[in-house]
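The exercises below ask for a pocket, two ligand sites and two backbone features to be worked through in turn. Each task sentence is followed by a solution that goes step by step.

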Amino acid sequence: MSDKKIQEQPPEKLTGIELIDIPKKAVGTKAIQSALSHVFSETGVVKGISLLKNINQINGFDCPGCAWPDPDQKRAFLAEYCENGAKAVAEEATTNRVSPLFFATHSVQEMSEWSDYEIGKSGRITHPMILKEGADNYEEISWQEAFNLIGSELNNLNSPDEAIFYTSGRTSNEAAFLYQLFVRQFGTNNLPDCSNMCHESSGSGLSETLGIGKGSVTLDDFNHADLVIVIGQNPGTNHPRMLTALKDTKKNGGKIMTINPLPEVGLMNYVDPQNPLKWFGAGDKLTDLFLQVKINGDVALLKIILKMMKTEEEKSGDVFNHQFIKEKTHGLEQFLVDLDKYSIEELLPQTGLPLEVIKEAADMIISNDKIIICWAMGLTQHKNAVDNIREVVNLLLLKGSIGKKGAGTCPVRGHSNVQGDRTMGIWEKPKNGFLDNLEKEFQFNAPRKHGYDVVAAIEAMHQKKASVFIGMGGNFISATPDTVYTAEALKNCDLTVQISTKLNRSHLIHGKQALILPCLGRSEKDNQKSGEQFITVENSMGVVHQSNGHLTPASKHLLSEPAIVAGIATATLKNTKVQWSKLITNYDLIRTKIEATIDGFDSYNERVRVKGGFYLPNNARENNFSPTLTGKANFSTNSPSDIALDENQFMMMTIRTHDQYNTTIYGLNDRYRGILNERRVIFMNPDDMKNHGLKKLDKVDLTSHFKGEERKANGFLVIPYSIPKQCTATYFPEANVLVPLKSKARISHTPASKTVIITVKKQD
Ligand SMILES: Nc1nc2c(c(=O)[nH]1)N[C@H]1C(S)=C(S)[C@@H](COP(=O)(O)OP(=O)(O)OC[C@H]3O[C@@H](n4cnc5c(=O)[nH]c(N)nc54)[C@H](O)[C@@H]3O)O[C@H]1N2
Ligand SMILES: Nc1nc2c(c(=O)[nH]1)N[C@H]1C(S)=C(S)[C@@H](COP(=O)(O)OP(=O)(O)OC[C@H]3O[C@@H](n4cnc5c(=O)[nH]c(N)nc54)[C@H](O)[C@@H]3O)O[C@H]1N2
Ligand SMILES: [Mo]
């Protein structure tokens, strides 16, 4: 093997930054231009137009970009897509190919020196590949040999708990169901998923308080809301189709409040992409009140608002919804007693906001009854992330703003089927009822011991308690925290397997042996014995619907995800009563099994063939909180951040640019934040820069600090930006090396990727 070290993180080299004015609006002509140029450069014009026509149409395929729902009936003629959805699709439909010849030409070590952008642009993987022990290059392997190798490695383990089965969130319901069934028949609940790093905190906080880990609103609720609060989320980039819903709220007389350390362009002003007449204008004002909160200042801010509501309630008696509280909730008194323990003076510095602005926010909340609160990673990736979510619920409960039209919780999911995967049983902590159903239907003993989540899985591999890693999609090394430590963990494995569409860094940071199993993407035709198949997915609002690929697969050697699971299961399981190969001849057969084991899927095959799909049951939406421990919606007591920064330290959040999908880098721009052609940047407050002797575009090294440990990432360019004092932002995944594995949320164990304590040092 070559002596050069394999690079586990993106190279430090800079790419040539150009700064532009921050645009005043999101969408508009630039967005259309950008979408088309990405699509056409990856696919060519003819294929590109056919693709765009099919995204999110009733008979088309589900956009792999995000989990935002489609309108129930009306769909725009050309497209229910957005700039970033178009980029996501272009990325998958690219005409570039990573073939056996490509792997023979480029060693693993060589590819590891490429940037994530270059790795991703290499294209779609065409054949199953193996990296043999000690080899420099991947070589072709047959599907059967690959399955047999996995089977024999798995069966050689001392215990099934020594294997880890990760899932990313694009996997269809059908594939996810088969995958968890295989893993449980093999004998473990080691099913960590990207959700552990994403909305796990939402699931934890919501289940405990409302009895369901999912949001309660439907898309139509946005038409009826008085007030929508968008907190810790950047929809202009990450869920652009949500801007249409926010615009509908405004059109119907509602207001929008935004709580974010950054004035994200997409939330400030907006142009409707489906209305060409408006593309050239200045855009409509979207946010009515912007609170530029400090990173992790949300519980403090919400507590001040809650205290103001309480004071007003004591005066007027009509702020709280007394009937709702009495009939539907539990724990009000304890919650109010706890709230009294905090003083506004004490809380205020954590928010970084002037009291008048918070008062304005409180007044808006007090004077409106139908409130929706939307959030994403800005709330879920902190040590007190679950507290964030529960405090949001407290606010809604006081107002009775749940379980009625125009009101409720809206955790906006990331991956397009991350919610469906969880519904299908991709969870390291399955409920007993779910396992009972599996056992009954498939006649086996399901393991009951809870498995590893993402953080625990990394620790287990590091401690050599686990030695086989299988990834159903995703890019584990780049998505997880503490890159150096996680790389050591993966390298400890005897076998690492990645089921993927495109080349990524996780193929290059590997165990003793490694396999790449290339699969079909969402946009492609899936032919099985009974003919062409469709798959099904669940969006952020609990609608289950079809997705039909239309393109010819990137290579004739690809298998579908369900077929890959069936292949592995057949090669591994000795006493299974499941007819794995038969199930994949016709996915209706898989759906029948899902219907038999999971609530809410009655007449699955019929109902999913109805235009637009069907809604899963949702107790919170129906104003029923009986699944909680008290049988009612629970008020809770929560803690503000306990992180104290030294004078020279900064809080760093790791965020997404406008040109990436998680670890997939579409391009090097972040147009909405005024950055072109560079990802190694750090956004800083101009006063902080002055105090630390830093100038625009100075090159700095970053060190993170956690319990006496230090982690380093070098060579970032300083960008003066509108961000609260002592707050900074860098991009994910470049800064993941700085996120300590043990710095995670209480209860949900989500890595605290938005609260990393750093110091910044100018390079000599
Ligand atoms: N184009 C595109 N679409 C995507 C993705 C993508 O990478 N690209 N990723 C998908 C996935 S998996 C997910 S989970 C979602 C992610 O969607 P988002 O959560 O919107 O993504 P982030 O870039 O992590 O942005 C977090 C936002 O929260 C703010 N924030 C950070 N810390 C705090 C805080 O302490 N308090 C408050 N109030 N705000 C804070 C940041 O300024 C930023 O605006 O998007 C999904 N959609
Ligand atoms: N510092 C920091 N770290 C973070 C975050 C953050 O905000 N900050 N966000 C976290 C969040 S919210 C998430 S969700 C995770 C994301 O973690 P992951 O889901 O693991 O990462 P992705 O980058 O979405 O995975 C991309 C890869 O998936 C594969 N892929 C794409 N489509 C398909 C498909 O249809 N089938 C299969 N089998 N493979 C496919 C491709 O090979 C591609 O390279 O990252 C987390 N990490
Ligand atoms: Mo996510």
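## Exercise 1: the largest pocket

About 1,600 Å³ of space lies in the largest pocket of this predicted model. Task: establish which residues lie closest to the centre of the largest pocket, and which elements give two or more residues to its lining.

Solution. Rolling a probe the size of a water molecule over the atoms shows where empty space is left.

Step 1. The largest pocket is lined by 46 residues, of which Ser207, Gly211, Ile212, Gly213 and Lys431 are the closest to its centre.

Step 2. Two or more lining residues are given by each of helix H9 (200–210), helix H16 (332–340), helix H21 (418–423) and helix H22 (432–442), and the largest share, 6 residues, comes from H9.

Step 3. Sorted by class, the lining of the largest pocket holds 13 nonpolar, 25 polar and 8 charged residues.

Step 4. At the level of domains, at least three lining residues are drawn from each of domain 3 (98–197 + 417–609) and domain 4 (200–411).

## Exercise 2: the surroundings of ligand 1

Task: determine which residues come nearest to ligand 1, and how much of the area that ligand 1 exposes when taken alone is buried by the protein.

Solution. Step 1. There are 33 residues around ligand 1, and those that come nearest are Glu264, Asn296, Asp298, Gln660 and Asn662.

Step 2. For polar contacts, the cut-off is 3.5 Å between N or O atoms. A polar side-chain atom of Glu264 meets this cut-off at 2.6 Å from an oxygen atom of ligand 1, while the backbone contributes through an N or O atom of Asn238, 2.8 Å from a nitrogen atom of the ligand, and through a polar backbone atom of Met377, 2.8 Å from a ligand oxygen atom.

Step 3. Ligand 1 taken alone exposes 920 Å², and the protein buries 99% of that.

Step 4. The elements that give two or more residues to the shell around ligand 1 are helix H11 (235–238), helix H19 (377–380), strand E24 (650–655) and strand E25 (660–661), and by class the shell has 13 nonpolar, 16 polar and 4 charged residues.

## Exercise 3: the surroundings of ligand 2

Task: identify which polar side-chain atoms lie at short listed distances from ligand 2, and which domains each supply at least three residues to its shell.

Solution. Step 1. Of the 30 residues around ligand 2, the nearest are Tyr166, Ser168, Ala479, Glu561 and Thr663.

Step 2. An N or O atom in the side chain of Glu561 is 2.7 Å from a nitrogen atom of ligand 2, a polar side-chain atom of Asn736 is likewise 2.7 Å from a nitrogen atom of ligand 2, and a polar side-chain atom of Gln381 lies 3.2 Å from an oxygen atom of ligand 2.

Step 3. Taken alone, ligand 2 exposes 930 Å², of which the protein buries 96%.

Step 4. The shell has 10 nonpolar, 15 polar and 5 charged residues, with at least three residues from each of domain 1 (5–22 + 643–762) and domain 3 (98–197 + 417–609).

## Exercise 4: two backbone features

Task: locate the cis peptide bond that ends at Pro733 and the positive phi of Asn296.

Solution. Most residues other than glycine have a negative phi, and most peptide bonds are trans.

Step 1. The bond from Phe732 to Pro733 is cis, with omega near 10°, and Pro733 is placed in the loop between strand E31 (727–731) and strand E32 (756–762).

Step 2. Asn296 has a phi near 65° and is found in the loop between strand E11 (289–291) and helix H14 (298–316).

Note on methods. Residues are numbered from 1 along each chain as its sequence is written. Chains are lettered from A and ligands numbered from 1 in the order in which they are written. This is a predicted model: local features need pLDDT of at least 70, side-chain atom pairs count only at pLDDT 80 or more; totals for chains, interfaces and linings use all residues. Side-chain values use heavy atoms; hydrogens and water are left out. A residue is near a molecule or strand if one of its heavy atoms lies within 4 Å of it. A polar contact is a pair of N or O atoms within 3.5 Å; within protein, one must be able to donate a hydrogen and the other to accept it, and residues adjacent in sequence count only if both atoms are side-chain atoms. Accessible areas come from the Shrake-Rupley method with a 1.4 Å probe; for residues, only the protein chains shown count as cover. Helices (H or I, at least four residues) and strands (E, at least two) are DSSP runs, numbered from the N terminus. Ala, Val, Leu, Ile, Met, Phe, Trp, Tyr, Cys and Pro count as nonpolar, Asp, Glu, Lys and Arg as charged, and the others, Gly among them, as polar. On a 1 Å grid over the protein atoms alone, a cavity is a set of points where a 1.4 Å probe fits but cannot get out, and a pocket is an open set with protein on both sides within 12 Å along at least five of seven lines; lining residues have an atom within 4 Å of a point. Grid points are joined across faces, edges and corners, and a volume is the space filled by probe spheres set on the points. Domain bounds come from an automatic or database domain assignment.
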